[in-house]
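Visitor: Could you take me through the aromatic side chains in this one, and then show me what else packs together? I'd like the geometry spelled out.

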Amino acid sequence: MSELKFVSFSSGSSGNCYFIGNEEDGILIDAGVSLRRLKQYLIENHLSFDSFSAILVTHDHMDHIRSLGSYCKKLVKPIYATSVLHDALVRRNFAVPYMDACRKVLADGEWNAIGPFLVKYFIVPHDATQTVGYAIRYQDRKFVLMTDMGRMTEEAMAFAMESDTVVIESNYDVDMLLAGPYTHELKMRICQGHGHLSNDECGMAIRKFYHPGLKNLFLCHLSDHNNTPEIAYKNAQSVLDALGVERGTVHLRALPRTSPTPLINL
């Protein structure tokens, strides 16, 4: 069996982009880093533009699609999203000239075959046109990514409960957010169910979806102003400790906001 690998190229409000794949093929999730940076990060991980054959989009906020137009123009790879998301993307002036040749619509409620992978989307609450998480299957491996979500849903929880790798948002520390410089309106937008998942909410989710088959737990989309990697990591680790999970059994990592991780074997 070809080993499944994962890289986070950037994870935060300044840009989001992830790779999952094997030695022959892969999928890029989101397009929030420039083509130049993407090329550099791929090379650093002994990958190239040929290492992935499709791009998934989670939603239409700029930190996730900023470079989608240039990806379409230069790479001409299929862009997979829901019909609702595609309609939103073509309203973005930067993407219009290049989207038609790349547009691929994901079937609703079904596993979509993309190369050697099976992909299924699920809707999560967030204040974009539409926001989705992705469950990806490859042979016996099960991976799920859920970012920019105001709260956990039953469907998201169900995918996490059967996955060996979970990428989940741990955006903010409640005390830091409430004491911080953001306006009251922005604070409420973040924490009232259609913004982002707090460290505490992430911890409550981990407590529910943890199962003995969980091997990797990656915390994504950490806030620059209202969180730190140390706080997010400590919060998640304390939940695993309380569950009696032996340290080292689960690979726990807070994904960096503006720099890539190493290539991680899943």
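Guide: Sure. Searching the whole structure turns up seven aromatic pairs, and bear in mind that this is a predicted model. Let's start with Phe6 and Phe143, whose ring centres are 5.7 Å apart with 45° between the planes, a tilted pair. In sequence these two are 137 residues apart: Phe6 belongs to strand S1 (residues 5-12), while Phe143 belongs to strand S10 (residues 141-146), so the pair links distant parts of the chain. Both Phe6 and Phe143 are buried.

Next comes Phe9 with Tyr41. Here the centres are 6.1 Å apart and the planes sit at 10°, which is under the 30 degrees cut-off, so this pair counts as stacked. Phe9 is in strand S1 and Tyr41 is in helix H1 (residues 35-44), so the pair ties together parts 32 residues apart in sequence. As for burial, Phe9 and Tyr41 are both buried.

Back to Phe6 for a moment, since its pairing with Phe143 isn't the end of the story. Ring pairs join Phe6, Tyr18, Phe143 and Phe218 into a cluster.

There's a charge to look at too. Lys77 places its charged end over the ring of Phe52, at 4.9 Å from the ring centre.

Now for the helices, with H9 as the one to follow. Helix H9 (residues 199-209) packs against helix H6 (residues 154-161), their axes 9 Å apart and at an angle of about 55°. That angle makes H6 oblique to H9. The crossing of these two, H6 and H9, is right-handed. If you want to pick out the contacts, Met157, Ala160 and Met161 on the H6 side meet Ala205, Lys208 and Phe209 on the H9 side.

H9 also has helix H10 (residues 229-242) as a partner: the two axes come within 9 Å and cross at roughly 25°. Because that is under 35 degrees, H9 counts as roughly parallel to H10. The H9 and H10 crossing is right-handed. In this contact H9 contributes Asn199, Asp200, Gly203, Ile206 and Arg207, and these meet Ile231, Ala232, Asn235, Ala236, Val239 and Leu240 of H10.

Note on methods:
Residues are numbered from 1 along each chain as its sequence is written. This is a predicted model: local features need pLDDT of at least 70, side-chain atom pairs count only at pLDDT 80 or more; totals for chains, interfaces and linings use all residues. Side-chain values use heavy atoms; hydrogens and water are left out. Rings of Phe, Tyr and Trp (its six-membered ring) pair if their centres lie within 6.5 Å; planes under 30 degrees apart count as stacked, over 60 as edge-to-face and the rest as tilted. Helices (H or I, at least four residues) and strands (E, at least two) are DSSP runs, numbered from the N terminus. Buried means under 20% relative accessible area, exposed over 50%, partly exposed in between (1.4 Å probe, protein chains only). A charge sits over a ring if NZ of Lys or CZ of Arg is within 6 Å of the ring centre and within 35 degrees of the ring normal. Axes are lines fitted to C-alpha atoms, for helices over the stretch in contact, and angles run from 0 to 180 degrees between N-to-C directions. Angles under 35 degrees count as roughly parallel, over 145 as roughly antiparallel, 65 to 115 as roughly perpendicular and the rest as oblique. A crossing is left-handed if the near helix is turned anticlockwise from the far one by less than a right angle, and right-handed if clockwise. Contact means heavy atoms within 4.5 Å.
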